[in-house]
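The following exercises are to be worked with the sequence and the structure at hand. Each task is followed by a solution in steps.

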Amino acid sequence: MPQRLLFDSPAAQARHVLALTAKAWRIPPSSPREIARRAPHGYVPLRAMRRLHAAAVLALLPHSW
């Protein structure tokens, strides 16, 4: 019976092992980008959040002054 693969590639498996090791040893992420990659689904970067907020504020302003 063929063994089921849990990962698409050896690189994906290596990233998974490193992530588990870093979590177990409580090693902080090395960059904000790495934190964003680890964030739960639905994470919105601060820059995008500011852009959405500005667009919402502009939508509330009256069209004619």
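**Exercise 1: The span of helix H1**

Helix H1, residues 10–24, consists of 15 residues and extends 21 Å from its first C-alpha to its last, close to the 21 Å expected at 1.5 Å a residue. The model under study is a predicted one.

Task: Show how the expected span of H1 is obtained.

Solution.
Step 1. The expected span is 1.5 Å times one less than the number of residues.
Step 2. H1 has 15 residues, and the expected value is 21 Å.
Step 3. The reach of H1 in the model, from first C-alpha to last, is 21 Å, close to that expectation.

**Exercise 2: The two sides of H1**

Task: Determine which residue caps the N-terminal end of H1, and state what phi Arg 26 takes just after H1.

Solution.
Step 1. Ser 9 belongs to the segment before H1.
Step 2. A side-chain oxygen of Ser 9 lies 3.1 Å from the backbone nitrogen of Ala 12, and Ser 9 thereby caps the N-terminal end of H1.
Step 3. Partly exposed covers the range between 20% and 50% relative accessible area. Ser 9 has 29% relative accessibility, so Ser 9 counts as partly exposed.
Step 4. Arg 26 is located in the loop between H1 and H2. Its phi is near 55 degrees, a positive value in a residue other than glycine.
Step 5. Exposed means over 50%. Because its relative accessibility is 74%, Arg 26 counts as exposed.

**Exercise 3: Helix H3 and a nonpolar patch**

Task: Decide whether H3 lies largely in the open or is largely buried, and name the residues that make the nonpolar surface patch.

Solution.
Step 1. H3 has 15 residues and reaches 21 Å from first C-alpha to last, close to the 21 Å expected at 1.5 Å a residue.
Step 2. Of these 15 residues, the number buried is one, so H3 lies largely in the open.
Step 3. Val 44, Leu 46, Met 49 and Leu 52 make a nonpolar surface patch of about 390 Å².
Step 4. Leu 52 is placed in helix H3. Leu 52 counts as exposed because its relative accessibility is 55%.

**Exercise 4: The protein as a whole**

Task: Describe the order of the elements, the exposure of the protein and the confidence of the prediction.

Solution.
Step 1. The protein contains three helices and zero strands, and from the N terminus on the order is α-α-α.
Step 2. Of its 65 residues, 6% count as buried.
Step 3. About 6,800 Å² is exposed, and carbon and sulfur atoms supply 65% of it.
Step 4. The average pLDDT is 78, and 77% of the residues score at least 70.
Step 5. Among the elements, H2 (residues 32–38) has the lowest mean pLDDT, 72, and H3 (residues 46–60) has the highest, 85.

Technical notes
Residues numbered from 1 in each chain as written. Predicted model: local features only at pLDDT ≥ 70, side-chain atom pairs only at ≥ 80, totals over all residues. Heavy atoms only, no water. pLDDT = per-residue confidence, 0-100. Helix = DSSP H or I, 4+ residues; strand = E, 2+ residues; numbered from the N terminus. Buried < 20%, exposed > 50% of the residue type's maximum accessible area, 1.4 Å probe, protein only. Patch = residues over 30% accessible without salt bridge, like charges linked within 9 Å, V, L, I, M, F, W, Y side chains within 5 Å. Areas by Shrake-Rupley, 256 points an atom, 1.4 Å probe, with all protein chains shown as cover. Salt bridge = Lys/Arg side-chain N within 4 Å of Asp/Glu carboxyl O. Polar contact = N/O pair within 3.5 Å; in protein donor to acceptor, adjacent residues only side chain to side chain.
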